[in-house]
Structure formats: structure tokens, C-alpha cells
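Colleague: Please take one part of this model and describe it closely. I would like a connected account of the fold and of the contacts it makes, with the cut-offs stated.

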Amino acid sequence: MEGTAVLGRLNWRAAEVVELTPETSQTKTITFDVPGWPGHRAGQHVDVRLTADDGYQAERSYSIASAADGPRIDLTVERLDDGEVSPYLTDELRTGDVIELRGPVGGYFVWNPHAEGTVFLVAGGSGIVPLMAMARQRALESSRIPTRLLYSARSLDDVIYRDELAELAARVDGFDVVYTLTRTQPAGWDGYGRRVDTDLLREVGPVSSELAVAFVCGPTPFVEAVASGLVELGHEPARIKTERFGPTGG
Amino acid sequence: MLSFRWPDSLLLVTQAVVRQSELHQREKEEEMPPISRGFRGRRRDDAPSDRVPPGQYVTDDFPVLSAGPTPHTPLDDWDLTITGEVDGLRRWSWDEFRALPSEPVTVDIHCVTKWSKLDSEWEGVSLDTLLDGVDTTAEYVVAFCDGGYTTNLPLEDLTEGKAWIAFAFDGEPLEPEHGGPARLLVPHLYFWKSAKWVRGLRLAATDEPGFWEQNGYHNYGDPWKEQRYWGD
């Protein structure tokens with residue numbers, strides 16, 4: 001019963017690594033097979049737990065990158081050089097390894113297919129991950145909800161899921177992507193080349209009467225700038241949902 | 001027709017055995033997590049284990065987490081109220097609030113997203129001061145905030161030196177990202193209970209789940225019992 005599943009304890013589950021996909025120099029997607037996975041909503045996260053042979057444990061939270069589709073889930077992990085958990089996940093894990101995870105967690109920063117108007121996704125760096133889950137869920141459901149992704153990355157090489165985002169935009173079903181590259185732009189780049197500010201949000205985003213909901217995810221200064229920019233443009237604060245990727249821990 | 005019926009006592013025994021084995025199964029799972037081959041972890045010598053709850057790691061940073069845009073209420077428009085099941089509404093303007101006796105508070109804080117920060121230094125007004133003389137039969141509180149955020153707590157978790165309305169961090173006025181001008185500070189619970197941008201407390205006879213409590217997070221949030229999510 002679904003109600004029971006929601007109210008029951010989220011137990012730790014064994015999750016086997018079935019695929020490792022390098023995305024950029026700093027990020028890798030890890031596909032897990034999780035028998036009994038109850039499904040999730042796009043935007044939710046899981047807790048990951050590692051155990052050393054002397055019993056020492058470390059836990060971290062990671063956003064789910066994949067749409068809900070059976071017992072497999074993808075996590076895209078950014079390697080933080082001084083992190084405790086992320087370098088293990090990106091560098092040490094091999095297919096066949098088993099770690100523990102529990103979830104899905106979070107009921108607010110989630111794709112809501114009933115929203116009316118345009119959904120505005122705004123990603124900074126690896127903040128794309130939960131928004132990618134939303135784009136994938138949308139495609140999986142053949143949704144035609146108008147959805148615009150504004151994706152800020154340092155350079156083209158730092159863009160995660162670039163080919164797949166191009167494919168999603170090529171479906172011409174109401175989804176499109178606008179990039180801004182804040183540090184280096186390739187020769188002939190015709191996209192934006194500056195940090196997201198209020199002007200850029202005005203140019204790229206929907207007007208306030210057309211905004212269904214905005215999902216903003218990235219590092220704290222990015223989220224602060226985008227969320228306050230959207231408020232300045234007249235969007236209702238209650239329609240702006242934020243999630244932050246802190247620079248710590250990892 | 002003769003129908004066989006298990007004696008109730010035997011049924012109970014069977015159920016007890018089943019329950020026992022489920023319990024064993026769960027204990028076994030919790031006792032023997034898979035070893036993460038080659039994982040050493042990075043333990044900190046300066047973080048005594050009796051100060052770091054299970055599943056937490058210590059950080060020196062102060063990460064920011066919130067569900068929406070940061071509100072910026074001018075101090076002239078700011079007030080703090082205690083309302084609900086009380087003998088009369090209490091209200092303080094910013095100047096009145098700042099004129100109340102306050103105290104320095106050095107506490108460890110624990111965020112449900114896994115970071116803990118030891119010896120964080122705050123300045124705030126004790127809830128005992130704010131609730132002094134309030135006559136109520138209420139047992140629960142909803143803290144309400146600019147931006148619409150709410151969180152619920154038992155009233156007894158706010159009294160007897162356990163909670164403050166904090167207005168300074170590290171000797172500086174509390175920054176808006178961290179909940180300024182003032183936030184609730186309830187360090188013995190996960191930090192989402194320490195509501196940012198707090199504007200008041202509503203006392204009630206019944207418990208009413210707040211924002212995160214309606215969105216998958218534990219109703220009480222004791223970090224030492226690792227009460228992170230529904231069902232924990």
C-alpha cells in the first residue's frame with residue numbers, strides 16, 4: 001500500500017553499482033540497481049552510507065538524476081577534492097560494488113506535472129542534477145508542459161548531460177535549453193557568457209503571469225542571486241523553489 | 001462439520017516468533033552493513049564522538065539551506081508576536097525586542113543534511129524571557145516566518161533554557177541568508193526546527209506539522225535518535 005510505504009521507515013537498502021558513466025572531468029554518473037526501490041519523484045534525493053572495515057560510517061545526501069523507472073537509479077556525483085565521500089564514489093567505486101542508500105527523501109523540491117504555465121528550471125553547475133531528473137521525468141511521461149532550462153556552467157566542458165539535453169530540446173515538445181558559460185566560451189559561441197543576473201533572467205525566463213513554478217538549484221551564491229532576481233522581476237516568492245549545493249563536506 | 005481452529009494462544013506464539021525473526025532480520029541488517037571496499041573515511045580528531053550525532057560530520061563552514069528566496073523585511077516593519085492559545089497577544093517591535101535581556105549562547109548545531117557545527121556562537125533572547133508571564137494550556141507551538149515557512153515543536157522544547165530567538169552570529173548581526181534579522185535557535189533538535197526569519201510563535205493545544213514536517217521530514221527531529229524522516 002502506498003500510504004504504508006510513505007509512512008514506514010526508510011530503511012537502508014543494498015544498492016549494487018551496475019554502470020559508471022564519466023560525465024565531465026569532475027562528475028560521474030553512478031547507476032545503481034536497488035531491488036525493491038519504491039520509485040521516486042523527480043527532484044528527490046537519497047542518503048548514501050559508506051562503511052569502512054572497522055565500522056566507521058559516513059553519510060551524505062545526493063540528488064537522484066534519473067526519472068522513476070524501475071529498480072535502477074542514477075546519481076550524478078561531483079568530485080569535491082577535499083570531500084570525504086564524493087572522491088570515493090567517483091574514483092573508487094567499481095561495477096559490482098554494493099553500498100547502502102535510503103530514500104527517496106523530500107516532498108517539496110519535486111516536479112509537479114499538474115502545474116499550469118511555464119516551468120522555469122535554473123541550474124548552476126552540478127545543480128543541474130535534480131533538474132535533469134525533472135526533464136527526464138517530463139520526457140518519460142510525454143508531458144508537453146512548457147519548460148525552459150537555464151543552465152549556467154563555467155565552460156562547455158563543464159556542462160553535464162549536454163548531448164541528452166540537445167536530444168530533449170530536439171523533440172520540440174515544449175522543452176528548451178539556454179546556456180550561459182561564465183568563465184570560458186568556445187570560438188563562435190552564440191549563447192550567453194556571463195553570470196546569471198536579473199537582466200539575464202528577464203531575457204530568458206517567463207514573465208510573472210506565465211510562471212508556473214521555478215526550480216533553482218546550485219551553489220548558495222548562485223541560488224541567492226537567481227531567487228532574489230526572480231523576486232525583483234515580480235515573481236511570487238511562493239513559486240520559487242530552491243535547493244542549494246553547499247561547497248562543504250561532499 | 002468439524003472445523004479445526006488454532007488455539008489463540010498458539011497463534012499469538014506464532015506471531016511472536018514471526019515478529020522476533022523480523023526483528024532479528026532487521027538487527028542483522030543494521031549490524032552488518034556491507035563494507036565499502038577501500039573506504040577509510042576522514043575522521044576528525046577534534047570532533048569528540050559524544051558531540052557528533054550518528055550520521056553527521058563536522059564542518060567549519062556554515063552552509064545555507066532554505067526552500068525559497070531569502071526575505072528582506074525592513075526592521076521598521078518587523079515585529080515578533082506570541083499568539084494562539086494565550087491569555088493575550090504579546091508583540092514586540094524590533095527595538096522592543098532588542099531591549100529585552102539577551103545572552104551569549106555557544107552550542108553545537110546539527111543539520112539534517114548531515115553537517116554539524118560545533119561551538120557556534122550566537123546572541124539571543126531566551127524563550128523563557130519571551131514566554132514569561134504567558135498563561136496558556138497549550139502544549140504545542142508553530143513558529144511562523146517571513147516567506148511562509150513554519151515548523152512545529154512541543155512547547156516544553158522551547159522552555160527552561162533550551163531555545164532562543166537569535167539575532168547575532170559570531171558577534172555580527174545575523175545575515176539574511178542565515179535567517180536574519182532573527183531566527184529561532186533550538187540546538188537540541190535538527191536545525192530545520194531553528195526557523196529562519198521567525199516572526200512569531202502560535203501556541204496550540206494540538207500538534208500541527210510544519211513545512212518540512214509535511215514534506216517527508218520527522219515531526220520531532222532528535223539528532224541523537226537520527227529522526228530525520230517520516231518513520232525514523
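Modeller: What follows is a description of chain A, from its overall form through its sheets to its contacts.

This is a predicted model, in which local features need pLDDT of at least 70 and side-chain atom pairs count only at pLDDT 80 or more, while totals for chains, interfaces and linings use all residues. Residues are numbered from 1 along each chain as its sequence is written, with chains lettered from A and ligands numbered from 1 in the order in which they are written.

Chain A contains 6 helices and 11 strands; these are DSSP runs numbered from the N terminus, helices being H or I of at least four residues and strands E of at least two. Its radius of gyration is 18 Å, close to the 18 Å that the globule rule gives for 250 residues, so chain A is as compact as a globular protein of that length. The radius is taken over C-alpha atoms, and the rule is 2.2 Å times the number of residues to the power 0.38. Along the principal axes, the C-alpha atoms of chain A fill a box of roughly 55 × 45 × 30 Å. Of its 250 residues, 45% count as buried (20 or more other C-beta atoms within 10 Å of the residue's own, placed from the backbone; exposed is 12 or fewer, partly exposed in between).

The domain assignment divides chain A into domain 1 (2–105) and domain 2 (118–244), with bounds from an automatic or database assignment. Their C-alpha centres lie 24 Å apart. Across the boundary, 15 residues of domain 1 are in contact with 14 residues of domain 2, contact meaning that C-beta atoms placed from the backbone lie within 7 Å. The domain 1 side of this boundary has 5 nonpolar, 7 polar and 3 charged residues.

Now the sheets. Strands are taken as paired if DSSP finds at least two bridges between them. An open antiparallel sheet of 6 strands runs in the order 4-3-6-1-2-5 in chain A. Strand 4 and strand 5 (72–78) are at its edges with a single partner strand each, so one side of each has no neighbour in the sheet. The pairing of strand 3 with strand 6 is antiparallel over 4 bridges, and A:Arg49 stands opposite A:Glu100 of strand 6.

An open parallel sheet of 5 strands has the order 9-8-7-10-11. Strand 9 (175–181) and strand 11 are the edge strands, pairing on one side only. Strand 7 (residues 118–124) pairs in the parallel sense with strand 10 (residues 211–218) over 6 bridges, where A:Ala123 has A:Cys217 as its bridge partner. Strand 7 also pairs with strand 8 in the parallel sense, over 6 bridges; there A:Phe120 is bridged to A:Arg148. In strand 8 (residues 147–153), 6 of the 7 residues are buried, so this strand is largely enclosed by the rest of the structure.

Chain A also meets chain B: 42 residues of chain A are in contact with 35 residues of chain B. Elements that each supply at least two residues to the chain A side include strand 3 (45–51), strand 4 (57–63), strand 6 (98–105) and strand 11 (240–244). Helix 6 of chain A gives the most, with 5 residues. That side divides into 19 nonpolar, 11 polar and 12 charged residues (Ala, Val, Leu, Ile, Met, Phe, Trp, Tyr, Cys and Pro count as nonpolar, Asp, Glu, Lys and Arg as charged, and the others, Gly among them, as polar).

Notes
Two residues are in contact if their C-beta atoms, placed from the backbone, lie within 7 Å.
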